[in-house]
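Thanks for coming, everyone. I'll put the structure up now and then talk you through what I got out of it.

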Amino acid sequence: SLNIEQKHLLESIKEDSTRLLKTTKDLLDITQLESEKMQLNVKENSVEEMVNIAVENNKNTAHQKNIAF
């Protein structure tokens, strides 16, 4: 059985892995855009929603580093 610290570390690893996978996919998308294999579809987005998503995605990392939003 895992203790609380181990569970917390595993959760952090999971979140970091998910972010790394997303970044890798984003980079691959950029490469496809540059090679004209994909078209960019520009649409309106809510800045507030994007900021909220960014905050939510980084909340645990910020907490670990004693950063308050």
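Before the pocket, one bit of bookkeeping on residue classes: Ala, Val, Leu, Ile, Met, Phe, Trp, Tyr, Cys and Pro count as nonpolar, Asp, Glu, Lys and Arg as charged, and the others, Gly among them, as polar. Also, please keep in mind that this is a predicted model.

Okay, the pocket. The largest one has a volume of about 190 Å³. Who lines it? The lining is Lys14, Glu15, Thr18, Arg19, Lys22, Thr23, Ala54, Asn57 and Asn58. Sort those with the classes I just gave and you get one nonpolar, four polar and four charged residues. Which helices supply them? Both α1, residues 4-34, and α2, residues 47-64, give at least two lining residues each. The largest share, six residues, comes from α1.

Let me zoom out to the whole fold. Two helices and zero strands, that's the secondary structure. For the overall dimensions, the C-alpha trace spans about 50 × 25 × 15 Å along its principal axes. The radius of gyration is 16 Å, while a compact globule of 69 residues would be near 11 Å. How much of the protein is buried? Buried residues make up 4% of the 69. As for the surface, the accessible area comes to about 6,600 Å², and carbon and sulfur atoms account for 56% of that.

Now the charges. Side chains of opposite charge can pair when their charged atoms come close. How many salt bridges does the structure hold? Three, and I'll take them in sequence order.

Start with Asp16, which pairs with Arg19, the closest N and O atoms being 2.5 Å apart. Both sit in helix α1, three residues apart, so about one turn of the helix. How covered are the two partners? Asp16 has a relative accessible area of 41%, which makes it partly exposed. Arg19 is at 23% and counts as partly exposed too; for reference, buried would mean under 20%. And Arg19 is a name you've already heard, as one of the residues lining the largest pocket.

Next along is Lys22 with Asp26, and here the closest N and O atoms are 2.9 Å apart. This pair is also within helix α1, with a spacing of four residues, about one turn of the helix. Asp26 is partly exposed, with 33% relative accessibility. Lys22, again, belongs to the lining of the largest pocket.

For the last one we move over to helix α2, where Glu56 and Lys59 both lie, three residues apart, about one turn of the helix. Their closest N and O atoms are 3.1 Å apart. Lys59 comes out at 40% relative accessibility, hence partly exposed.

One last thing, on the backbone. Most residues other than glycine have a negative phi. Which residue has a positive phi although it is not a glycine? That would be Asn66, with a phi of about 55 degrees. Where does Asn66 lie? Look in the segment after α2. Is Asn66 buried or exposed? Its relative accessibility is 72%, so Asn66 counts as exposed.

That's my tour: the pocket, the fold, the charge pairs and the backbone. Happy to rotate the view if anyone wants another look.

Definitions and conventions. Residues are numbered from 1 along each chain as its sequence is written. This is a predicted model: local features need pLDDT of at least 70, side-chain atom pairs count only at pLDDT 80 or more; totals for chains, interfaces and linings use all residues. Side-chain values use heavy atoms; hydrogens and water are left out. On a 1 Å grid over the protein atoms alone, a cavity is a set of points where a 1.4 Å probe fits but cannot get out, and a pocket is an open set with protein on both sides within 12 Å along at least five of seven lines; lining residues have an atom within 4 Å of a point. Grid points are joined across faces, edges and corners, and a volume is the space filled by probe spheres set on the points. The radius of gyration is taken over C-alpha atoms; the globule rule is 2.2 Å times the number of residues to the power 0.38. Buried means under 20% relative accessible area, exposed over 50%, partly exposed in between (1.4 Å probe, protein chains only). Accessible areas come from the Shrake-Rupley method with a 1.4 Å probe; for residues, only the protein chains shown count as cover. A salt bridge is a side-chain nitrogen of Lys or Arg within 4 Å of a carboxyl oxygen of Asp or Glu.
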